[in-house]
Amino acid sequence: MKTLPLNSIQSRESGIIVDSDLLASFFDISVTSLRDAMHAGNLSTLVEIGEGEDSGRTRLTFRYSGKQFSLMREKDDQLYQTAPPSPNVRAIKPSLMQLLDTRK
């Protein structure tokens, strides 16, 4: 399990904000290409919020060009890469996700 910096994913009232460099690097594309894919609707996200014994855990899955990338935020806020769900699990519209550009 690869642990990631806690600030790679941020939750705000406006939605989830994702480190653009991290996401682009997983898909092996530039940040510009990632933004273009988002605007074209070619990048989708799935947010799963834990219930019961998984309460407090969140898995975020990003899908683009046949690839999936999932992150898990644990109850203690630790963030790590994890196995994605089945590709049959429906993703939400990409417009609900924002990118955090750490190069500013």
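Visitor: Which residues are linked in a network of salt bridges?

Guide: Keep in mind that we're looking at a predicted model. R57 turns up in two pairings here: D54 forms a salt bridge with R57, and the side chains of E74 and R57 meet in another. Put those together and the network consists of D54, R57 and E74.

Visitor: How many salt bridges does a search of the whole structure find?

Guide: Two are the ones that hold the network, D54 with R57 and E74 with R57. Another joins the side chains of E48 and R59. For the whole structure, the search comes back with 3.

Visitor: What is the N to O distance where the side chains of E48 and R59 meet?

Guide: This pair bridges distant parts of the chain, with E48 in strand β4 (residues 43-49) and R59 in strand β5 (residues 58-64), 11 residues apart. A salt bridge needs the nitrogen within 4 Å of the carboxyl oxygen. For E48 and R59, the N to O value is 2.6 Å.

Visitor: How many residues apart are E74 and R57?

Guide: Their side chains meet at 2.9 Å, N to O. Along the chain, E74 sits in the loop between β6 (67-73) and β7 (79-82), while R57 is in the loop between β4 and β5. That puts the two 17 residues apart.

Visitor: Is E74 buried or partly exposed?

Guide: The cut-off for buried is under 20% relative accessible area. E74 has 18%, so E74 counts as buried.

Visitor: And is R57 buried or partly exposed?

Guide: Buried would take a value under 20%. R57 comes in at 22% relative accessibility, and D54, its partner at 3.0 Å between the closest N and O atoms, is at 31% and counts as partly exposed. With its 22%, R57 is therefore also classed as partly exposed.

Visitor: Switching to the helices, at roughly what angle do the axes of α1 and α2 cross?

Guide: Helix α1 covers residues 20-27 and helix α2 covers residues 31-39, and their axes come within 9 Å. The crossing makes α1 roughly perpendicular to α2. As a number, that's roughly 90 degrees.

Visitor: How many charged residues does the contact of α1 with α2 have?

Guide: On the α1 side the contact is made by S20, D21, L23 and A24, and on the α2 side by V31, L34 and R35. Sorted by class, there are 4 nonpolar residues and 1 polar one. The charged count is 2.

Methods. Residues are numbered from 1 along each chain as its sequence is written. This is a predicted model: local features need pLDDT of at least 70, side-chain atom pairs count only at pLDDT 80 or more; totals for chains, interfaces and linings use all residues. Side-chain values use heavy atoms; hydrogens and water are left out. Helices (H or I, at least four residues) and strands (E, at least two) are DSSP runs, numbered from the N terminus. Buried means under 20% relative accessible area, exposed over 50%, partly exposed in between (1.4 Å probe, protein chains only). Axes are lines fitted to C-alpha atoms, for helices over the stretch in contact, and angles run from 0 to 180 degrees between N-to-C directions. Angles under 35 degrees count as roughly parallel, over 145 as roughly antiparallel, 65 to 115 as roughly perpendicular and the rest as oblique. Contact means heavy atoms within 4.5 Å. Ala, Val, Leu, Ile, Met, Phe, Trp, Tyr, Cys and Pro count as nonpolar, Asp, Glu, Lys and Arg as charged, and the others, Gly among them, as polar.
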